[in-house]
Amino acid sequence: MSGAGQVLVGEVCDQAIRDVGWEPAYVGGMTLGADPIAYAIAGHATRQGRTLDAFTVRKRPKGHGTGKQVEGGLPADASVVVIEDSVTSGGSLLAALQVIEDHGAVVLGVLALVDRCEGGAERLAAAGYDFRAVFNAADLL
């Protein structure tokens, strides 16, 4: 993502989180799609004088070192908004949510930059998650 893209994505996603009324301590999700968005949001919040940190979920626990699957210093009881770049079926996002909840974090909601409108939003809602998207596929076509 370009530097200009980071600034814009951080601003629009941070605003979306605040518009919903979520007050997370952390934002993050499954690597690699969520990483640049989560870090852009955290950077934007910091520039606005608010504390908001980011975390990353690995697809599998690290095979060496600490063996962690969740990176970024996420405390077990932290309030989080889970981030995704785009949602299609929601399968990988549900997998990330399971890892985050198994870690002990409290999921306030799920924010995607783009909802492809292919069933993922409905699947997340059926699983009990408050899902929001900044854009949907029709917005971008």
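Trainee: Which residues of H3 are buried?
Mentor: This is a predicted model, where local features need pLDDT of at least 70 and side-chain atom pairs count only at pLDDT 80 or more, while totals for chains, interfaces and linings use all residues. Residues are numbered from 1 along each chain as its sequence is written, and side-chain values use heavy atoms, with hydrogens and water left out. Helices (H or I, at least four residues) and strands (E, at least two) are DSSP runs, numbered from the N terminus. With buried meaning under 20% relative accessible area, exposed over 50% and partly exposed in between (1.4 Å probe, protein chains only), the buried residues of H3 are Leu93, Ala96, Leu97, Val99 and Ile100.

Trainee: Do they lie on the same side of H3 or on opposite sides?
Mentor: An α-helix has 3.6 residues a turn, so residues three or four places apart point the same way. The buried residues cover an arc of only 160° around the axis, taken from the directions from the helix axis to the C-beta atoms. That puts them on the same side of H3.

Trainee: What helix is included in the cover over the buried residues of H3?
Mentor: Contact here means heavy atoms within 4.5 Å. The cover includes strands, among them S1 (26-30) and S5 (106-115). It also includes a helix, residues 120-126, namely H4.

Trainee: Which element gives the largest share of the largest nonpolar core?
Mentor: A nonpolar core is a set of buried Ala, Val, Leu, Ile, Met, Phe, Trp, Tyr and Cys residues joined through side-chain atoms within 4.5 Å. Of the 23 residues in the largest one, Phe55, Leu74, Val80, Val82, Leu97 and Ile100 touch the most other members. Two or more residues come from each of S1, S2, S4, H3, S5 and H4. The largest share, five residues, comes from H3.

Trainee: Is Asp14 buried or exposed?
Mentor: Asp14 is found in H1, residues 3-20. Not counting residues up to four places away in sequence, Asp14 touches Ile41, His44, Ala45, Arg50 and Leu52. At 1% relative accessibility, Asp14 counts as buried.

Trainee: How do H1 and H2 lie to each other: roughly parallel or roughly perpendicular?
Mentor: Their axes, lines fitted to C-alpha atoms over the stretch in contact, with angles from 0 to 180 degrees between N-to-C directions, come within 7 Å and cross at roughly 80°. Angles under 35 degrees count as roughly parallel, over 145 as roughly antiparallel, 65 to 115 as roughly perpendicular and the rest as oblique. H1 and H2 are therefore roughly perpendicular.
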